[in-house]
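Subject: Structure handover

Hello,

Here is the structure we talked about. Please open it first, then read the notes underneath.

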Number of protein chains: 2
Amino acid sequence: MHNKAKSVTIFDVADLAGVSKSTVSLVLTQSKKVSDKSKQKVLKAIDELGYVYNRDAAAMRSKRSNLIAVVINDLTDPVMAQLATELELILNNEGFQAVIVSSNNNVEQQTQAINKLKEYNAAGFIICPVTNTCTQWLDTLSSQHSVVTLMQELAFSNAPCVLPDYKKASHIVSMHLLSQGVTNIAFIGSNLQLRSCLTLQHGFNTACAQHSISPLNAIECGENSALSAKNAFAQAYKSTPAINAIVCANDIIAHGVLASINTLGLAADQRIKVVSCQQVKNSALLDDTLTSVAISTHEIAKRCLLVLQELLQNTAPPVKTLVNVNLQIKESSQ
Amino acid sequence: MHNKAKSVTIFDVADLAGVSKSTVSLVLTQSKKVSDKSKQKVLKAIDELGYVYNRDAAAMRSKRSNLIAVVINDLTDPVMAQLATELELILNNEGFQAVIVSSNNNVEQQTQAINKLKEYNAAGFIICPVTNTCTQWLDTLSSQHSVVTLMQELAFSNAPCVLPDYKKASHIVSMHLLSQGVTNIAFIGSNLQLRSCLTLQHGFNTACAQHSISPLNAIECGENSALSAKNAFAQAYKSTPAINAIVCANDIIAHGVLASINTLGLAADQRIKVVSCQQVKNSALLDDTLTSVAISTHEIAKRCLLVLQELLQNTAPPVKTLVNVNLQIKESSQ
DNA sequence: CTGAAAGCGCTTACAG
DNA sequence: CTGAAAGCGCTTACAG
């Protein structure tokens, strides 16, 4: 029933307003070269006719587009969902049209989504790369389009990257722990080989070295869930009961570790101190006692926009932007 | 540096392949009226030139579009994120291009996003309405475009709606509880006036009536979080310690209620039974002992696609599609 | 400040 | 099965 009637064009608007198509176009594109009288007439006609601007036609003719693709690796990850929301808000405020797509942590889906969005003339691509994204592929894309990567760095890529200062995050939180004299300390994460996780471990190791302490073996849990972390920690504790401090990749993991520790029934003087490198908001989390590092998705989104705008203006943005992080000390590390 | 070189058109492809533009176009649109030889030549030329199909031009000329807008009210809600992901997958499989946008539970943002997507010629709109979406506005939109609403019903709207059978969900879970002889039972949710929550309460009340039991006053917690639910329940318990069963709007709420109950140190024979009407996956949730009702986002997405396709083909779909739900009995209700 | 004209990259009948 | 031609709705110089 619809789709057909859709033939109100600037021509009709011009007719009703009693001006030429050019004038209507100028009004539509916010040009100042139009008299106020004409502008009002045009606006009135647009309203009366229910005219809808056809961006496809405009983009095609002008060879410009304000579509920005936001390619998220996993929308069901709370941090990524938060980031997507922030990015959309910020992009829309700048007059872009944000288009969020999810690659579901799958290279093929990522490639396919981006190829499709090229066909829709996306002006830029903001990408949270999936784990096995190929650097060469990204570089090719980046040589032809404006692309910025997010949260996850690709080794030796030319594409500009915006991410939190993971190394600092794990470093400050580890130093905080070590300065209290803990000695048997370990790191726990869900995918130790992931680039961002390697960076966290690097910051952790550096802190240990500064305190002349050799850390225990890192603990890996199968997935990024509290349950998985709980089990992994329980396992690790069995073989290394001397452990007295643990640095977790994020709050979800820490939540699981704390639950595991609670079942141990340790005396106050044997308490195992727990900290997290990345705070994540989660409506299911109950306790607010975890020492953690806050990472501002808002700040990251803002930086990302800046880098993108530089790319679109053909100036060379920093190839890497590290966003600052903040230690929040609570009871869990006392 | 980019955006300018982008002038490889079907004309260039036709030239290199030694055929006419029409033939290239036919290949591009998957027509069968092209000989295999020509097709191969065209495909080869496309590959060599790095030609990118221009969907804007195609859409404009053909007056067809396969863009589907998925307007989510809150991407940071795990259920909605899950749903968005499922929808995208299913839509893309059917040859559509899903565009996810978030309205952040804000009517203005919702309206603005949809108006913009009209300008981009979206062929259809899948909308999770924000709480104060106006029925009249939706009906107008729906009379001009293909729109289906999701998860949240709008009173007396003409737009087709796909949602889980909330009433059945709360009914079966309440019946399960009541059949065990509980007498002092209450419902708890974060926004009792929300339409979907009213439906949950309706199923709950019906079950109570069938067992000739008057339920206690419903409990409302400020926000949909475990912490908020924990506090609200603690408060309610103080004034009504006789309570021995509680039906929660969802798992997050139930999680908070359980935490609150745990602090009470009740004897085994005084235990308060807890159930939830809507299971939500959350990586921070540790215990798997909650009796809850599973709602399949995959099934909802599938139904949604079907309804949308009917609309696009101008057949009249069911105005309301209720997706079935499944009771999962665990220890929390025993 | 306004109008007439050309053209963006495609698709679609319509002849051959 | 292929080619020539018209046109989708806009923008953009270019004259007036």
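In what order do the four strands of the open sheet in chain B run? The order is S7-S6-S8-S9, and the pairing is parallel. Keep in mind throughout that this is a predicted model.

**The sheet in chain B**

Strand S7 (219-220) and strand S9 (273-276) of chain B are the edge strands. Each has a single partner strand, so one side of each has no neighbour in the sheet. Further in, strand S6 (residues 185-189) of chain B pairs with strand S8 (residues 245-248) of chain B. That pairing is parallel and runs over four bridges. To find it on screen, start at Ile185(B): its bridge partner in S8(B) is Ala245(B).

Helices pack on this sheet. Helix H8 (residues 166-178) of chain B lies across S6, S8 and S9 of chain B. Its direction is at about 165° to S8(B). Helix H11 (residues 251-262) of chain B also packs on the sheet, and touches S6, S8 and S9 of chain B. H11(B) makes about 165° with the direction of S9(B).

**The sheet in chain A**

Chain A has an open sheet of four strands, in the order S7-S6-S8-S9 with parallel pairing. Its edges are strand S7 (219-220) and strand S9 (273-276) of chain A, each paired on one side only. Strand S6 (residues 185-189) of chain A pairs with S7(A) in the parallel sense, over two bridges. Look for Gly189(A) there: its bridge partner in S7(A) is Glu220(A). Helix H8 (residues 166-178) of chain A crosses S6, strand S8 (245-248) and S9 of chain A, at about 165° to S8(A).

**Domains of chain A**

Chain A is divided into three parts:
- domain 1 covers 10-53;
- domain 2 covers 67-163 + 296-323;
- domain 3 covers 166-295 + 328-333.

The C-alpha centres of domain 1 and domain 2 of chain A are 36 Å apart.

**Helices H1, H2 and H3 of chain A**

Helix H1 (residues 10-17) and helix H2 (residues 21-28) of chain A pack at about 105°, with axes 8 Å apart. H1(A) and H2(A) are therefore roughly perpendicular. On the H1(A) side, the contact uses Ile10(A), Phe11(A), Val13(A), Ala14(A) and Ala17(A). On the H2(A) side, it uses Lys21(A), Thr23(A), Val24(A) and Ser25(A). By class, this contact has six nonpolar residues, two polar and one charged.

H2(A) also meets helix H3 (residues 36-49) of chain A. Their axes come within 10 Å and cross at roughly 85°. H2(A) and H3(A) are therefore roughly perpendicular as well. H2(A) gives Thr23(A), Val24(A) and Val27(A) to the contact. H3(A) gives Ser38(A), Lys39(A), Val42(A) and Leu43(A). Here the classes are four nonpolar, two polar and one charged.

**How the two chains meet**

Which operation lays chain A on chain B? A turn of 180° with a shift of 0.0 Å along the axis does it, at an RMSD of 0.0 Å. That is the relation of a two-fold axis. The same surface serves both copies: 98% of the contact residues of chain A recur in chain B.

The contact takes 47 residues from chain A and 47 residues from chain B. On the side of chain A that touches chain B, these elements give two or more residues: helix H4 (55-62), helix H5 (78-93), strand S2 (97-102), helix H6 (107-119), helix H10 (226-239) and helix H11 (251-264) of chain A. H5(A) provides the largest share, six residues. By class, that side of chain A has 21 nonpolar, 19 polar and seven charged residues.

Best wishes

Terms used
Residues numbered from 1 in each chain as written. Chains lettered and ligands numbered in written order. Predicted model: local features only at pLDDT ≥ 70, side-chain atom pairs only at ≥ 80, totals over all residues. Domains from an automatic or database assignment. Pairing = 2+ DSSP bridges. Contact = placed C-beta atoms within 7 Å. Axes fitted to C-alpha atoms, helices over the stretch in contact; angles between N-to-C directions. Least-squares fit on C-alpha atoms with pLDDT ≥ 70 in both. Parallel < 35°, antiparallel > 145°, perpendicular 65-115°, else oblique. Nonpolar A, V, L, I, M, F, W, Y, C, P; charged D, E, K, R; others polar.
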